[in-house]
Structures are given as structure tokens and as C-alpha cells.
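Colleague: I would like to learn how to read the side-chain features of a model. Please take them one at a time, with the general idea ahead of the case.

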Amino acid sequence: MSNLSIESIQQQLSDLGFRPEGIRIVTVSAMTSELLETCTTQENECFYNSYMNVIYGKGERYVLGFRCEDPIVDHAIIRSGDLYFDPTLQANGNFTSYQFAILTEFTVFDMMNHAKSNKDFPPDVDYLFSKASKFKNVIAAK
């Protein structure tokens, strides 16, 4: 994955209709192989995997945002304590830490409530736009 400048990330977020000033950028790290073995890691299913991993206590928060590559890619990861993990990409092998632009984080309770109003799908970027009034801190006014 490429390392983008903060300005490039912010410009891409702005072009997609987000408020870059309301978005934090964190580093996604590798989790222990023991923890990874217990995670849901279906290939190319980051939203589902992150959702299931939070439900089953492998992470404390479902984190929705963008992988900071060129172009940025919408993605979901998990947070445990102060660390961010991506079991979906890590399970594919050859994982290296990368930058991630956080749109929002959900507790298990909030995540499940949002999924219930999203036809049982985990929250994704389209869902945020459909509920823009609730996510005004990261979605630019139209």
C-alpha cells in the first residue's frame, strides 16, 4: 500500500463528500497470530468480518473508514483498546501496517442497532450517507 500525504487523503475525502477536518488517521497494526486464528476472516468481506469480530468480542469497536492508499478504499476494521486491527487483510498474508482514515466507530450495541435499520447489513459508507444528519461531524453539508 502506498503512503499518501495528509493533504492527498483530505482532498480525496473531500471529493467524496466528507469533512476531512472531522476525520482522524490512525495506524492499523498486525494482531497476534493467536488472536487472528480466532477471528472471522472471509476474504474480501471486511464489513461482515469486522461486524462478526466485534459481536464475538475479538474487538471492542467496529471502525468504518478508508484505507489510505491511492485511491482511498472504503473499509471496516476493529479496535481493541488503543490499537486498530484488520483481520480481513492480515489473514491474506504479507500484512504490513498502514494508515486508516476513521469516519466513525461503533460499540457493539450501536453497530447492531444500525445494522437492524440497514436490512441486517453492517454499517458502510453508503449507510452513513443515508443517515447523514446523524453523521454531520464527518459528512459535508450538501
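Modeller: This is a predicted model. Let us begin with aromatic pairs: rings of Phe, Tyr and Trp pair if their centres lie within 6.5 Å, and planes over 60 degrees apart count as edge-to-face.

Colleague: How many aromatic pairs does the structure hold?

Modeller: A pair of aromatic rings is described by the distance of the centres and the angle of the planes. The structure has 5 aromatic pairs. In one of them, F95 and Y98, the ring centres are 6.1 Å apart and the planes stand at 70°, so this pair is edge-to-face. Y98 has a relative accessibility of 5% and counts as buried. F106 and F135 also form a pair, with centres 6.2 Å apart and planes at 70°, which means edge-to-face.

Colleague: Which parts of the chain does the pair of F106 and F135 link?

Modeller: F106 belongs to strand β5 and F135 to the segment after α6, so the pair links distant parts of the chain, 29 residues apart. F106 counts as buried at 2% relative accessibility, and F135 is buried with a relative accessible area of 7%. Elsewhere, ring pairs join F18, F66 and F129 into a cluster.

Colleague: Next, the nonpolar core. Which residues of the largest one touch the most other members?

Modeller: In soluble globular proteins, nonpolar side chains tend to be buried together. Here the largest nonpolar core has 31 residues, and L13, F18, Y62, F66 and L103 touch the most other members. Elements that give two or more residues to this core are α1 (6-15), α3 (46-55), β2 (61-67), β3, β5, α5 (108-116) and α6 (125-130). The largest share, 4 residues, is that of α3.

Colleague: What does L103 touch?

Modeller: Leaving out residues up to four places away in sequence, L103 touches F18, I23, L64, G65, F66, V125, L128 and V138. Another core, of 10 residues, lies apart from the largest one, and its members include V28, F95, Y98 and F100.

Colleague: Now a helix. Which residues of α1 are buried, and how are they placed around the axis?

Modeller: An α-helix has 3.6 residues a turn, so residues three or four places apart point the same way. In α1, the residues I9, Q12 and L13 are buried. They cover an arc of only 100° around the axis, which puts them on the same side of α1. β1, β2 and β5 are among what covers these buried residues.

Colleague: Which exposed residues are on the face turned away from the buried side of α1?

Modeller: That face of α1 carries E7 and D15, which are exposed. After α1 comes G17, with a positive phi near 100°.

Colleague: How many salt bridges are there?

Modeller: Side chains of opposite charge can pair when their charged atoms come close. The cut-off is a side-chain nitrogen of Lys or Arg within 4 Å of a carboxyl oxygen of Asp or Glu. By this rule there are 4 salt bridges. One of them joins R24 to E105, with the closest N and O atoms 3.1 Å apart. R24 is in strand β1 (residues 24-29) and E105 in strand β5 (residues 98-106), so the pair ties together parts that are 81 residues apart in sequence. R24 counts as partly exposed at 45% relative accessibility, whereas E105 is buried with a relative accessible area of 18%.

Colleague: Which residues do shared partners join into one network?

Modeller: R79 forms a salt bridge with E105 as well, the closest N and O atoms being 2.6 Å apart. R79 lies in strand β3 (residues 73-80) and E105 in strand β5, so this pair ties together parts 26 residues apart in sequence. R79 is buried, at 19% relative accessibility. Through shared partners, R24, R79 and E105 form one network. Another salt bridge is that of R67 with E69, whose closest N and O atoms are 3.1 Å apart; R67 and E69 are both buried.

Colleague: Finally, how many disulfides are found, and where does C46 stand?

Modeller: A disulfide needs two cysteine sulfur atoms within 2.5 Å. The whole structure has 0 disulfides. For C46, the closest cysteine sulfur is in C39, 14 Å away, which is too far for a bond. C46 is buried, with a relative accessible area of 7%. C68 is in no disulfide either, the nearest cysteine sulfur being that of C46 at 14 Å. C68 counts as buried at 4% relative accessibility.

Definitions and conventions:
Residues are numbered from 1 along each chain as its sequence is written. This is a predicted model: local features need pLDDT of at least 70, side-chain atom pairs count only at pLDDT 80 or more; totals for chains, interfaces and linings use all residues. Side-chain values use heavy atoms; hydrogens and water are left out. Buried means under 20% relative accessible area, exposed over 50%, partly exposed in between (1.4 Å probe, protein chains only). A nonpolar core is a set of buried Ala, Val, Leu, Ile, Met, Phe, Trp, Tyr and Cys residues joined through side-chain atoms within 4.5 Å. Contact means heavy atoms within 4.5 Å. Rings of Phe, Tyr and Trp (its six-membered ring) pair if their centres lie within 6.5 Å; planes under 30 degrees apart count as stacked, over 60 as edge-to-face and the rest as tilted. The arc is that of the directions from the helix axis to the C-beta atoms.
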